[in-house]
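Welcome to my notebook. I open a new page here and jot down what I look up, one topic at a time.

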Amino acid sequence: MPDSTEYLSNERVREILHWVIATFVVTGRPVGSKRIARHSMEQLSAATVRNIMADLEEMGYLHQPHASAGRVPTDKAYRFYVDYLMKRRDLSHRERNLIDRDLRLDDNAEHLMARTSKILSRVSKNVGIVVSPPISRVALEYIHFSKLTDNRILVILVSRSGIVQNRIIHCSEDISQNELDQAARYIVANFKDRTLIEIRNQILKMIQSERALYDRFMQQVITLSTQAFSDTGNGMDAEVYLDGASNLIKTPEFSDINKMKLLFETIEQKNRLAALISRCIEGDTQEVKITIGAENALPGIEDCTLITSRYIVDEKTHGSLGILGPTRMEYARAISLVDYVARLFGRVLETGN
């Protein structure tokens with residue numbers, strides 16, 4: 001078997017692999033050597049193409065479903081295509097206009113995130129996913145405590161970008177609604193525009209102060225803040241907005257009912273999906289990340305590609321979005337779509353238009 005690095009540096013080999021992938025993406029059917037030979041710029045014979053395809057299969061870039069069939073790309077082929085062969089394709093003027101028209105902040109942030117997942121789904125014909133910034137990592141705008149029964153307290157957190165999260169906390173002592181209101185006013189007055197992690201760290205310092213030891217009000221503030229601003233540390237407090245799972249039913253890759261069932265079970269586990277996407281976009285850049293097939297760590301999506309990007313609201317507030325679809329997808333267009341939506345979505349959340 002020839003050395004794969006040297007072999008794939010050959011333009012003829014690259015052209016054949018590119019045409020196999022491009023043809024399979026469009027047709028969804030195994031690609032034969034005769035079809036590729038017709039597209040060859042060098043007017044190669046079918047026998048020459050067949051030999052090269054056989055070499056690529058031996059190297060793990062192509063797969064032959066059965067002896068009389070053509071070849072289909074493997075995850076390894078898609079990875080090589082994305083890294084070395086693909087040329088970025090801009091969205092059409094019509095697609096950009098459609099996205100620009102729908103991505104306007106005319107309601108609250110949650111509605112916008114849900115609508116954005118629909119836009120990603122509709123334009124890509126795959127699953128659109130938007131993950132909110134973890135509430136623990138966004139800048140605080142407003143907080144409200146509402147007294148419930150059994151020493152339970154409803155906490156309403158509103159971020160500077162309009163993201164809202166409700167959570168229930170428990171206090172061992174009975175705190176009146178008036179005291180809760182005073183505590184909320186104190187927190188907003190002293191900690192507004194700080195992230196919840198920054199607030200929590202400041203609260204930990206306050207615990208050491210002499211005033212906190214003897215001042216009942218400060219003890220209440222510390223007690224409420226410690227629970228209200230608790231952080232799981234893994235993004236589990238982020239919300240996941242997902243749309244278009246039904247698009248996958250139409251694809252031949254998921255015609256097998258058991259495979260489809262496992263896929264849908266995985267998609268429904270939104271916390272695990274959010275954690276996977278967070279790992280994909282680790283780092284400070286807004287670069288689009290592509291994980292293909294078995295590169296995905298979750299069971300049920302081994303036959304899928306996940307294309308994700310960070311969106312940036314401000315220097316403190318980051319979230320993520322992307323699309324999930326079969327590995328047989330139009331990568332150049334999908335990557336441009338995710339990149340365009342992520343950049344526009346962050347600006348809309350930041351500026352409100």
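**Overall shape.** Before I start, one term: the radius of gyration is taken over C-alpha atoms, and the globule rule is 2.2 Å times the number of residues to the power 0.38. This is a predicted model, and I keep that in mind throughout. I looked up the radius of gyration of the protein chain and found 26 Å, where a compact globule of 353 residues would have one near 20 Å. Next I checked the extent of the C-alpha trace, which spans about 90 × 40 × 40 Å along its principal axes.

**Make-up of the chain.** I counted 14 helices and ten strands in the protein chain. How much of the chain is buried? I find that 50% of its 353 residues are. The chain exposes about 17100 Å², and carbon and sulfur atoms supply 49% of that area. I also looked at contacts between residues at least 6 apart in sequence: 63% of them join residues at least 24 apart.

**Strand β9.** I then turned to β9, residues 304-312. Eight of its nine residues are buried, so the strand is largely enclosed by the rest of the structure. Which strands pair with β9? One is β8 (residues 289-292), which runs antiparallel to β9 and is joined to it by four bridges. I noted one pair there: Lys-289 has Thr-308 of β9 as its bridge partner. Another is β10 (residues 318-326), also antiparallel, with nine bridges to β9. Here Thr-305 stands opposite Gly-325 in β10. I see that β9 and β10 make a hairpin, with five residues between them.

**Leu-56.** I found Leu-56 in helix α4, which covers residues 46-58. Is Leu-56 buried or exposed? Its relative accessibility is 0%, and buried means under 20%, so Leu-56 counts as buried. Leaving aside neighbours within four places in sequence, I list its contacts as Tyr-7, Leu-8, Val-13, Leu-17, Tyr-61 and Leu-62. I also looked up Ile-16, which is 40 residues from Leu-56 along the chain; their C-alpha atoms are separated by 9.7 Å.

**Glu-253.** My last stop is Glu-253, in the loop between β7 (240-243) and α12 (257-268). What does Glu-253 touch? Not counting residues up to four places away in sequence, I find Lys-259, Pro-326 and Arg-328. With Arg-328 there is a polar contact between the two side chains, at 2.6 Å. Pro-326 took me back to an earlier entry, as β10 covers residues 318-326.

Terms used
Residues numbered from 1 in each chain as written. Predicted model: local features only at pLDDT ≥ 70, side-chain atom pairs only at ≥ 80, totals over all residues. Heavy atoms only, no water. Helix = DSSP H or I, 4+ residues; strand = E, 2+ residues; numbered from the N terminus. Polar contact = N/O pair within 3.5 Å; in protein donor to acceptor, adjacent residues only side chain to side chain. Contact = heavy atoms within 4.5 Å. Buried < 20%, exposed > 50% of the residue type's maximum accessible area, 1.4 Å probe, protein only. Pairing = 2+ DSSP bridges. Areas by Shrake-Rupley, 256 points an atom, 1.4 Å probe, with all protein chains shown as cover.
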